[in-house]
Amino acid sequence: MTLFGYDFAHPGFFFILLVIPLMIVWYVFTMNKSVPRVKISSLGIFGGARATGLQIFRHSLPLLRIIAIAALVLAFARPQSSESWQDSNTEGIDIIIAMDVSTSMLAKDFEPNRLDASKEVAQEFIKERRNDKIGLVVYEGQSFTQCPLTTDHRVLLSLFSDVSTGWIEGGTAVGLGLATAVNRLRESEAKSKVVILLTDGVNNKGNVPPITAAEIAKEYGIRVYSIGVGTTGKALSPVAFYGNGQYQFDYVDVKIDEKTLKSIADMTGGKYFRATNRKKLQSIYQEIDQMEKTKIKITEHSTKTELFFPFALIGVIALLAEFLLKQLVFKTAP
């Protein structure tokens, strides 16, 4: 039983407290009988007399007795403080998001474009993976690590927001991007190692073929979820660059090497997805989130501290104070 922030081991003793109202009623009805009386012919000479402080203080005796009973009942009920804590053992999942940031990712078949939509959906995914280490690799004609594996997702999200096209050599080096991601996970001791490989094109740069990078991923037990981003048919895409972030757009055919992306996923035990719009991309990340759930084992601990002593001490002091007052201050003649 919990009361006033305490746990009580023997709450049955609280029934004894029911005697306190009876004691109060008994005292009210009998206190006049305990006062000594002297018969006199007239009360006129006591007309202005008032009760002295000592007479008022006499009512402290039953109050002390009530305090003593209440405190001792609480002590016998064994109040305890309970402290509890939890140990969580996380079966971590290390995830690298390898994102294509080539110029074609500015195509407007996603709102506002493929790159911004991909960044925003990935950021939503990261916010739901609080217990995992996540990193970011970006690639065009070359690849580099934008953020190594980290549990500081605030830093990761900030670096994600900074991603844009045109940082490195143009082109689409899918194999090199995957190889860089695999290298980041190579020495990971996590139970599950995952690469989310996102591209909107065909491998046309870099000295690492995508299938070779997939074979390396398989050797290290790394699963690859590959995502092809782009509508079917034609999309409004950049075809010329004017400088200062200005591009000329025109409708061009969307070409994604789905066969290679599917082979990469199958070879590593992952899965291939095709995202033709932002909503579909969100559902893909949600599916990956469900397939790669972090396992957390929680062990609960608790300890209790006995707190009866202060109450017992108050009860004894109150009884002793009542006894001394009754014997030394309010002692009555027989």
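**Exercise 1. The hairpin of strands 5 and 6**

Which residue in strand 6 is the bridge partner of Tyr 139? Work out the answer, then describe how the two strands are joined.

*Solution.* A word before we start: this is a predicted model.

- Step 1. Look along strand 6 for the residue across from Tyr 139: the bridge partner is Ser 143.
- Step 2. Widen the view to the whole pair. Strand 5 (residues 133-139) and strand 6 pair in the antiparallel sense, over five bridges.
- Step 3. Now check the connection. Three residues lie between strand 5 and strand 6, and the two strands form a hairpin.

**Exercise 2. The six-stranded sheet**

Find the order of the strands in the open sheet of six strands, and say which strands stand at its edges.

*Solution.* It helps to begin with how sheets are held together.

- Step 1. Strands of a sheet pair through backbone hydrogen bonds, in a parallel or an antiparallel way.
- Step 2. Here the order reads 6-5-4-7-8-11, and the pairing is mixed.
- Step 3. Strand 6 (143-150) and strand 11 (271-275) each have a single partner strand, so they stand at the edges and one side of each has no neighbour in the sheet.
- Step 4. On average, neighbouring strands of this sheet are turned by 15 degrees against each other, direction ignored.
- Step 5. Next, see what lies across the strands. Helix 6 (residues 174-185) lies across strand 4 (93-100), strand 5, strand 6, strand 7 (192-199) and strand 8 (222-229). Helix 6 runs at about 30 degrees to strand 6.

**Exercise 3. A second hairpin**

Describe the pairing of strand 9 with strand 10, and find the residue with a positive phi in the turn between them.

*Solution.*

- Step 1. Strand 9 (residues 234-243) and strand 10 (residues 246-253) are antiparallel partners, with eight bridges between them.
- Step 2. For a landmark within the pair, take Ala 240, which stands opposite Gln 248 in strand 10.
- Step 3. The two strands form a hairpin with two residues between them. In that turn, Asn 244 has a positive phi of about 55 degrees.

**Exercise 4. Helix 4 and its two partners**

Are helix 4 and helix 9 roughly parallel or roughly antiparallel? Then treat helix 4 and helix 5 in the same manner.

*Solution.* Two packed helices are described by the angle between their axes and the distance between those axes.

- Step 1. Helix 4 (residues 114-127) and helix 9 (residues 278-291) pack at about 30 degrees, and their axes are 10 Å apart. That angle makes helix 4 roughly parallel to helix 9, since angles under 35 degrees count as roughly parallel.
- Step 2. The crossing of helix 4 past helix 9 is right-handed.
- Step 3. Residues of helix 4 in this contact include Ala 117, Val 121 and Phe 125, and those of helix 9 include Leu 281, Tyr 285 and Ile 288. By class, the contact has seven nonpolar, two polar and four charged residues.
- Step 4. Turn to helix 5 (residues 153-161): the axes of helix 4 and helix 5 come within 10 Å and cross at roughly 175 degrees. The two helices are therefore roughly antiparallel.
- Step 5. In this contact, helix 4 contributes Lys 119, Ala 122, Gln 123, Ile 126 and Lys 127, while helix 5 contributes His 153, Leu 156, Leu 157, Phe 160 and Ser 161. The classes come to five nonpolar, three polar and two charged residues.

**Exercise 5. Helix 3 against helix 10**

How many nonpolar residues are in the contact of helix 3 with helix 10? Set out the geometry before you count.

*Solution.*

- Step 1. Helix 3 and helix 10 (residues 308-329) pack at about 155 degrees, with axes 8 Å apart. They are therefore roughly antiparallel to each other.
- Step 2. Helix 3 passes helix 10 in a left-handed crossing.
- Step 3. Among the residues that meet are Leu 61, Leu 64 and Ile 67 in helix 3, with Phe 311, Ile 314 and Leu 319 among those in helix 10.
- Step 4. The count by class is 17 nonpolar, two polar and three charged.

**Exercise 6. Two backbone details in loops**

Where does Pro 112 lie, and where is Arg 78 found? Describe the backbone at each residue.

*Solution.*

- Step 1. Pro 112 lies in the loop between strand 4 and helix 4. The peptide bond from Glu 111 to Pro 112 is cis, with omega near 0 degrees.
- Step 2. Arg 78 sits in the loop between helix 3 (60-76) and strand 3 (79-91). The phi of Arg 78 is near 60 degrees, a positive value in a residue other than glycine.
- Step 3. With a relative accessible area of 30%, Arg 78 is partly exposed.

Conventions:
Residues numbered from 1 in each chain as written. Predicted model: local features only at pLDDT ≥ 70, side-chain atom pairs only at ≥ 80, totals over all residues. Heavy atoms only, no water. Axes fitted to C-alpha atoms, helices over the stretch in contact; angles between N-to-C directions. Helix = DSSP H or I, 4+ residues; strand = E, 2+ residues; numbered from the N terminus. Parallel < 35°, antiparallel > 145°, perpendicular 65-115°, else oblique. Left-handed = near helix turned anticlockwise from the far one by under 90°. Contact = heavy atoms within 4.5 Å. Nonpolar A, V, L, I, M, F, W, Y, C, P; charged D, E, K, R; others polar. Pairing = 2+ DSSP bridges. Buried < 20%, exposed > 50% of the residue type's maximum accessible area, 1.4 Å probe, protein only.
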